[in-house]
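The following exercises are to be worked with the sequence and the 3D structure at hand. Each task is followed by a solution in steps.

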Amino acid sequence: MTQATAIIVGASSLLSREIAKQLADDGVELALLAQDPQSLIEFSQSLPTKAEVFPLQIDDPQAVISTLNAVWHSLGGAHLVLVNTGLNSYDPELPWQPEQDIITVNVQGFSAICNTAFRLFRDQGYGQLAAINSIAGLRGGPNVAYHASKAFAENYFEGLSMHAQRLKLPITITDIQLGLLDKAALQQSRIWLSPPAEVARQVIKAMQAGKRKVYVTKRWRLVAWLTKLLPEFVYNTRHWKTKAQKRAEKAAKKD
Ligand SMILES: NC(=O)c1ccc[n+]([C@@H]2O[C@H](COP(=O)([O-])OP(=O)(O)OC[C@H]3O[C@@H](n4cnc5c(N)ncnc54)[C@H](OP(=O)(O)O)[C@@H]3O)[C@@H](O)[C@H]2O)c1
């Protein structure tokens, strides 16, 4: 294959679109997989290279596998498969349904996509599988299933990378650990926010460099390092008390 080709799975998000735009600007032809393909038609037509849109039914592993195989064969193979699907939600009552949905998309769907992509690369003899994961996978957290699903994704990628080495095949597995941007936004901490174009630039740079694992943006590497290091009683901020709480406790003890 001489023409660079990439398949983006979960192409509807803002970050995916930015990555697609920058790859297309570099001359990469694209296949964009999204839950609602219609919503991407206008965008795909605005890109400077050929970009086709396909439906993605991530809650049905057999459908995911068939779609990915069909897209692959229609392209005649691909250099890159980038997985950017993900579901997250928080409800302190921990109802089961959202947990199940997260596991379906982030664990079952994720592994169906990555397993299929890996086997296609194996048969092709080369390629790169990359995924946008999250540093949320480093520890447990209040979005219980989400944090656990991201740990699964990280572990799954390590396994695939080891398997590629065992097969002695030039298949690059790139784990892109994205910072908790939503959390930063919620805390209105602009220091931690990076424009999507910059995030996409760093993602593409890491993929081009064939990195095994990368933190995006770079500053999250420090947070990841600290997150792994902290003992649970420090990491778990629920143990922390505000000055007002401490004063109230002191006053209650005196009474
Ligand atoms: N945003 C953040 O702050 C942040 C931080 C750290 C890590 N991440 C990770 O980065 C990745 C992408 O995040 P994002 O912010 O770009 O997320 P997003 O905007 O929510 O996009 C996630 C993608 O997954 C797709 N998806 C979700 N459920 C689906 C389903 N049932 N069937 C098919 N597609 C489905 C979405 O499609 P639809 O649009 O059609 O639903 C969308 O394309 C995720 O793995 C996320 O965990 C994000």
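## Exercise 1: A salt bridge between distant segments

Lys-213 has a relative accessibility of 32% and therefore counts as partly exposed. The model is a predicted one.

Task: Determine which side chain meets Lys-213 in a salt bridge, and where the two partners lie.

Solution.
1. The partner is Glu-154, and the N to O distance of this salt bridge is 2.4 Å.
2. Glu-154 belongs to helix 5 (residues 144-166), while Lys-213 belongs to strand 7 (residues 213-216). The pair is 59 residues apart and thus links distant parts of the chain.
3. Glu-154 has a relative accessible area of 15%; because buried means under 20%, Glu-154 is classed as buried.
4. In general terms, side chains of opposite charge can pair when their charged atoms come close.

## Exercise 2: The remaining salt-bridge evidence

Task: State how many salt bridges are counted, and describe the pair Arg-201 and Glu-198 and the pair Glu-52 and Lys-50.

Solution.
1. The count comes to four salt bridges.
2. Arg-201 and Glu-198 meet through their side chains at 3.0 Å, N to O. Because these two residues are three apart in helix 7 (residues 196-208), about one helical turn separates them.
3. Arg-201 is partly exposed at 38% relative accessibility, and Glu-198 is likewise partly exposed at 25%.
4. The side chains of Glu-52 and Lys-50 form a salt bridge with an N to O distance of 4.0 Å. Glu-52 is partly exposed, its relative accessible area being 31%.

## Exercise 3: Two buried helical residues

Task: For Gln-22 and His-147, decide whether each is buried or exposed, and list the contacts of each beyond four places in sequence.

Solution.
1. Gln-22 is located in helix 1 (residues 14-25). Its relative accessibility is 19%, so Gln-22 counts as buried.
2. Outside the residues up to four places away in sequence, Gln-22 touches Ala-197, Ala-200, Arg-201 and Ile-204.
3. His-147 is located in helix 5. With 11% relative accessibility, His-147 also counts as buried.
4. Apart from neighbours within four places in sequence, His-147 contacts Ala-136, Gly-137, Arg-139, Gly-140, Gly-141, Pro-142 and Tyr-235.

## Exercise 4: Packing of two helices

Task: Describe how helix 3 and helix 4 pack.

Solution.
1. Two packed helices are described by the angle between their axes and the distance between the axes.
2. For helix 3 (residues 61-75) and helix 4 (residues 96-124), the angle is about 30° and the axes are 9 Å apart.
3. The crossing of helix 3 and helix 4 is right-handed.
4. Helix 3 contributes Pro-61, Val-64, Ile-65, Leu-68, Asn-69 and Trp-72 to the contact; from helix 4 the participants include Gln-108, Ala-112, Ile-113 and Thr-116.

## Exercise 5: Surface and loop

Task: Identify the residues of the nonpolar surface patch, and place Asp-36.

Solution.
1. Leu-222, Trp-225, Leu-226 and Leu-229 make a nonpolar surface patch of about 430 Å².
2. Leu-229 lies in helix 8 (residues 220-229). Its relative accessible area is 55%; since exposed means over 50%, Leu-229 is exposed.
3. Asp-36 sits in the loop between strand 2 (29-34) and helix 2 (38-46), and is partly exposed with a relative accessible area of 43%.
4. From Asp-36 to Val-53 the C-alpha to C-alpha distance is 9.5 Å, and the two residues are 17 apart in sequence.

Technical notes: Residues are numbered from 1 along each chain as its sequence is written. This is a predicted model: local features need pLDDT of at least 70, side-chain atom pairs count only at pLDDT 80 or more; totals for chains, interfaces and linings use all residues. Side-chain values use heavy atoms; hydrogens and water are left out. Patches are made of residues with over 30% relative accessible area and no salt bridge: like charges are joined within 9 Å, nonpolar side chains (Val, Leu, Ile, Met, Phe, Trp, Tyr) within 5 Å. Accessible areas come from the Shrake-Rupley method with a 1.4 Å probe; for residues, only the protein chains shown count as cover. Helices (H or I, at least four residues) and strands (E, at least two) are DSSP runs, numbered from the N terminus. Buried means under 20% relative accessible area, exposed over 50%, partly exposed in between (1.4 Å probe, protein chains only). Axes are lines fitted to C-alpha atoms, for helices over the stretch in contact, and angles run from 0 to 180 degrees between N-to-C directions. A crossing is left-handed if the near helix is turned anticlockwise from the far one by less than a right angle, and right-handed if clockwise. Contact means heavy atoms within 4.5 Å.
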